Structures are given as C-alpha cells and as structure tokens.
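Work through the exercises below with the model open beside the text. Each one sets a task and then solves it step by step.

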Amino acid sequence: MSSVYDIIIVGGGIVGLGVFRQLTLNGFQSILLLEKSSQILTGASSGNSGILHTGFDAVPHTLESKLVKRGYHLYQSFRQDVELPIKKIGAYLIAWKEDDLQILKEVKDTAHQNDVLDIEEISSTMLYEREPLLRHGALAALHIPGESVVDPLTLPLILLMHGKIFGGHIQTNVEVINGEYDYKNQCWALNDGQYRSRIVVNCAGLYGDIVEQIRIKQQKSSTNTFTIQPRMGQFSVYSPPPGTSPLKSIILPIPTKFTKGVIVYPNLFNQIIVGPTAQTQFDRSQAPIKSDVTRMLHEKINELIPSCANSNYTRIGSYTGIRPATEHSDYQIHAYNEIQWICCGGIRSTGLTSSLAIGEYIYELVNEMSRERKYQLHCAGYSAERYSRSLDQLKVMFIATPQGLQPKLIMKDSTLTVSAGDIEFTDEINITNLKIECNGELFDVSHSLLKLAWMTTNSSFITPHACSD
C-alpha cells in the first residue's frame, strides 16, 4: 500500500505551484504535486501574457477581485525579499471616442471599489508627453501605475523551487484518471490506489472539470459543477531596433463584455507584444496560429504606433495560449469538507497574479477542513527563521540579472515543442531547443513567450538581417 500524503495537488500550472508554495511555506510537510505532462507549465500557463494585474478592472466584491488584489500585494512583498523578475511599468486605458469618456469614469469607479486608489484620469496632452509615439486622436486616458510585466516562466519556477526547499514533492508524467474516497479511513485513493492522501486539491486548469468528475462520482449529492470552455488567444512579438522602444507602458483598449481586448505592451525583455485575441473553441490542447490573425495584429500595432510601420521593427514570431474559461464569471473555488476535496477551477488570465493568494486561501480551507474532520495534519507552522534560510537557498539556484533572477540557459539541438497552444518563429530565428538548469534539474522552456524572448535577447540565436512581416 502506498504512503498517505496529507495533501495531493493535481496540476502543475501557475495556480497549482502557487498553492504548492504557500502550503509548504506555512509548514505543511506531507505534500505531493502531480502533473500529467513531463514538466510544469505545459497547459494554460504556457502561453499567457506575462502581466501582473492590480485588479483595477475586476468585478467588485467577487472572489476573483479579492484574490487578484491580495495576490498582487503578496508578489510585491515577496519581491522585497528576492529579486523576482517583475517590473512595474504602469498602463493607460485610452478613450479614442466621445462615448469612451464615460467608460473611463465607470472603470475609475470600479477601480476605487476594488481599492485601487492611485488610478488617475489624465489629459491627452499628458498622455502624449509620456507616450509620444502613440497615434493621434486620443481624448483622455486613465493611468494605472501599478500594472507590471513579469517573466512568466521563471516566476513559477521560483515557486516550484521554493516549495521543494520547504519539503514539498512533485511527480510528473502522472495523469490523475480516477479516485475513490474511503469514508471510514478519511482518505482518497487516486489512480487505483497508487496515490493516497487525506485531501485533494484540484488545480488541473484546462482539465479541471474532467478531474472534478472524480469528486462528483464519490458524492452522494454533488453541487457546484462547471464546464471548461477553452478560449484561445494569439499574440505577436516584435523586436525594436537596439536601444529603442516605442512604448514605456501597457496600452489598453476599451473593454467589452466578452474580452478586455487586444493590448500592446513592452515585455520584461524590451520586446513589444500585441495580443491576445479571444476565440472560444472545443480543443483543450491545440490552438494553431492563424495567418489572418497575425495580419490583423500587425495592423493593430501599426495603427496604434505608426512609426512601427516606418522603422526597423522585426516581428520575431507569434504564439497562442488557451485559457480555461467557464460558464461562470467568477473563480470556482469550493471546499467539500465531507470528502476532503477542494476544487480550484475557472482561473482565467488573472491566475498568475492571484496564484499566491489562491494558495493562501486554500491554506485556510485546509485548516478549516482538518478542524471539522478532527484529524491532525503534519504542519509545523510558519517559521520566519526557516523562511530566511530558504531565501538564501533559493538565490543560489538562479542567476542575478537586470531582469531579476533567471535560470541558467542551455541550448540543445532538437525540435521545439509546445504542449498547449502553438508557436511560430520567423525565418530569422534559428530553431534551437532551449533547456534551463535549476539546482541540478533540467526543464524544457515550456512558455512560448519566453522561447521567443530568450532567443531574441541572445544574439547567437538570430540570423543578422532584417525581416518584414
């Protein structure tokens, strides 16, 4: 019979890793994370935008708004202790039409309801002083100074390593396909008893509703179901001439009920990203790049920044990601104390920002569950001394750079692969497989944006001639 863990986390995306790090940080000593792929971040987390949100535009009084706000502050606090790859660059939501001016007022009111109080409305004159290369015609803008860009692969890798320093365990290539709850012994047997635990936390992302069927089959009366409705987004990545950048901040469009729209922003590596689009689809793993969307995104950036069309800005590639949208507008986080199961589903584009806060929230649910079920979990509690020692261990696993901590990069001559979404390089990029080394472990570079970013910030990857779209 396998050993019984206190907690098994299903899913190694950014949310699962946030839960993993927060539970181990707070002293839980018997935790196993199971990931169905060969490494972390191969699902929805492999193709996100790399933006850390303040939560200014979240629907007020929802669980998402609460956790995005808290997650943002947890990352900023963590950043005081470790040089996380985060850069605060701010954002502008621009009114281009008279009707947009009322929307700016509504968004500002929403931001205040979400306790984002440093948002300010500025004139078009001030906007152009700050972002002089924007197209003409802006009427006014909202400035949200706290919006930030991050390295969306290294950040979760730091969470993984931190959780392992605290004693957590991870196994890859394990797809959780079935489970049975033992009411007498109060524990779960997953995959025909191969993995056993007191508590299961479902963080399976794009497959969260499928994993949730395990819980539903064991309950006498099931509630709180949801269905994943995969939503594909496509991005294009541009490289400006060396030493230049057409933008200093994130440029936001006026949002609609369906999407926040296509944004344009400089990433952590001084490249310009345009995207994402939003298209609902059935496929949870494949999201091929579409040439007509690539052309549309090219037109978007040229319209917003006319100088891009006249200067040597190189489109270095495109990538897609798939977000686990559901029929619900809010996060689907529920605890089922009677069978010791916690569902963490429907976490869409804000999951990177809220991941640590979700972990903190799950920590409280686990404590409440163990008190109600009257059993003792192996938890030593939070220790400031242990945390301080862990920071020293964490720092030596990475390399200090101007962009914050980065893993060691290793080049391999083999084909690049993407588990969810798609990636396309222009002819000027040498197709090389990138691996990263961290504390003696090797990982494929699974995040599409980072493949493009790292290749084009290292001159050895680039053929030295200009390209056009």
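**Exercise 1. A helix on a sheet**

Across which strands does helix α2 lie, and at what angle does α2 run to β4?

Solution. The model is predicted.
- Step 1. Find helix α2, which spans residues 63–81.
- Step 2. Look at what α2 crosses: β3, β4 and β8. The angle between α2 and β4 is about 110°.
- Step 3. Put the strands in order. They make an open sheet of 3 strands, arranged β3-β8-β4 with antiparallel pairing.
- Step 4. Identify the edges. β3 (51–52) and β4 (86–88) each pair on one side only, and these are the edge strands.
- Step 5. Check one pairing. β4 and β8 (residues 148–150) are antiparallel and joined by 3 bridges; I86 has V150 in β8 as its bridge partner.

**Exercise 2. A glycine in a loop**

State where G146 lies, and decide whether G146 is buried or exposed.

Solution.
- Step 1. Locate the residue: G146 is in the loop that connects β7 (140–144) with β8.
- Step 2. Apply the cut-off. Buried means under 20% relative accessible area. The relative accessibility of G146 is 7%, so G146 counts as buried.
- Step 3. List its contacts, setting aside neighbours within four places in sequence: T54, Y72, K88 and D118.
- Step 4. Compare sequence and space for another residue, G90. G146 and G90 are 56 residues apart along the chain, yet their C-alpha atoms are separated by 5.3 Å.

**Exercise 3. Classifying aromatic pairs**

The chain has 6 aromatic pairs. Classify the pair F28 and Y363 and the pair F235 and Y319 as stacked or edge-to-face.

Solution.
- Step 1. Recall the cut-offs: planes under 30 degrees apart count as stacked, and planes over 60 as edge-to-face.
- Step 2. Take F28 and Y363. The ring centres are 5.8 Å apart and the planes stand at 75°, so this pair is edge-to-face.
- Step 3. Place the two residues. F28 is in the loop between α1 (14–25) and β2 (31–34), while Y363 is in helix α9, 335 residues apart, and the pair links distant parts of the chain. Both F28 and Y363 are buried.
- Step 4. Take F235 and Y319. Here the centres are 4.6 Å apart and the planes are at 10°, so the pair is stacked.
- Step 5. Place these residues too. F235 belongs to strand β13 (residues 229–239) and Y319 to strand β18 (residues 314–325), 84 residues apart. Both F235 and Y319 are buried.
- Step 6. Return to the helix that holds Y363. Helix α9 (residues 351–373) bends by about 30° at A357. K374, just after α9, takes a positive phi of about 60°.

**Exercise 4. Charges over rings**

Which ring does the charged end of R21 sit over, and which face does K36 lie over?

Solution.
- Step 1. For R21, the ring is that of F78, with the charged end 4.1 Å from the ring centre.
- Step 2. For K36, the face is that of Y207, at 4.5 Å from the ring centre.

**Exercise 5. Two strands and their faces**

Describe the two faces of β10 and of β16, and name their hairpin partners.

Solution.
- Step 1. In a regular strand the side chains alternate between the two faces of the sheet.
- Step 2. Sort strand β10 (residues 179–182). G179 and Y181 make up the covered face, and E180 and D182 the uncovered one.
- Step 3. Find its partner. β10 pairs with β11 (residues 187–190) in the antiparallel sense over 4 bridges, with G179 opposite L190. Their hairpin has 4 residues between the strands, and Q186 takes a positive phi near 55°.
- Step 4. Follow Y181 further. Y181 forms one aromatic cluster with Y183, W188 and W341.
- Step 5. Sort strand β16 (residues 272–275). I272 and V274 point one way, I273 and G275 the other way, and all are buried.
- Step 6. Find the partners of β16. Strand β15 (residues 263–266) is antiparallel to β16 and joined to it by 4 bridges, and P266 has I272 as its bridge partner. β13 also pairs with β16 in the antiparallel sense, over 3 bridges, where Y238 stands opposite I272.
- Step 7. Examine the hairpin of β15 and β16. It has 5 residues between the strands, and N270 takes a positive phi near 65°.

**Exercise 6. The whole chain**

How many helices and strands does the chain have, and what share of its residues counts as buried?

Solution.
- Step 1. The chain has 11 helices and 26 strands.
- Step 2. Of its 469 residues, 58% count as buried.

Terms used. Residues are numbered from 1 along each chain as its sequence is written. This is a predicted model: local features need pLDDT of at least 70, side-chain atom pairs count only at pLDDT 80 or more; totals for chains, interfaces and linings use all residues. Side-chain values use heavy atoms; hydrogens and water are left out. Two strands pair if DSSP finds at least two bridges between them. Contact means heavy atoms within 4.5 Å. Axes are lines fitted to C-alpha atoms, for helices over the stretch in contact, and angles run from 0 to 180 degrees between N-to-C directions. The bend at a residue is the angle between axes fitted to the seven residues ending there and the seven starting there. Rings of Phe, Tyr and Trp (its six-membered ring) pair if their centres lie within 6.5 Å; planes under 30 degrees apart count as stacked, over 60 as edge-to-face and the rest as tilted. Buried means under 20% relative accessible area, exposed over 50%, partly exposed in between (1.4 Å probe, protein chains only). A charge sits over a ring if NZ of Lys or CZ of Arg is within 6 Å of the ring centre and within 35 degrees of the ring normal.
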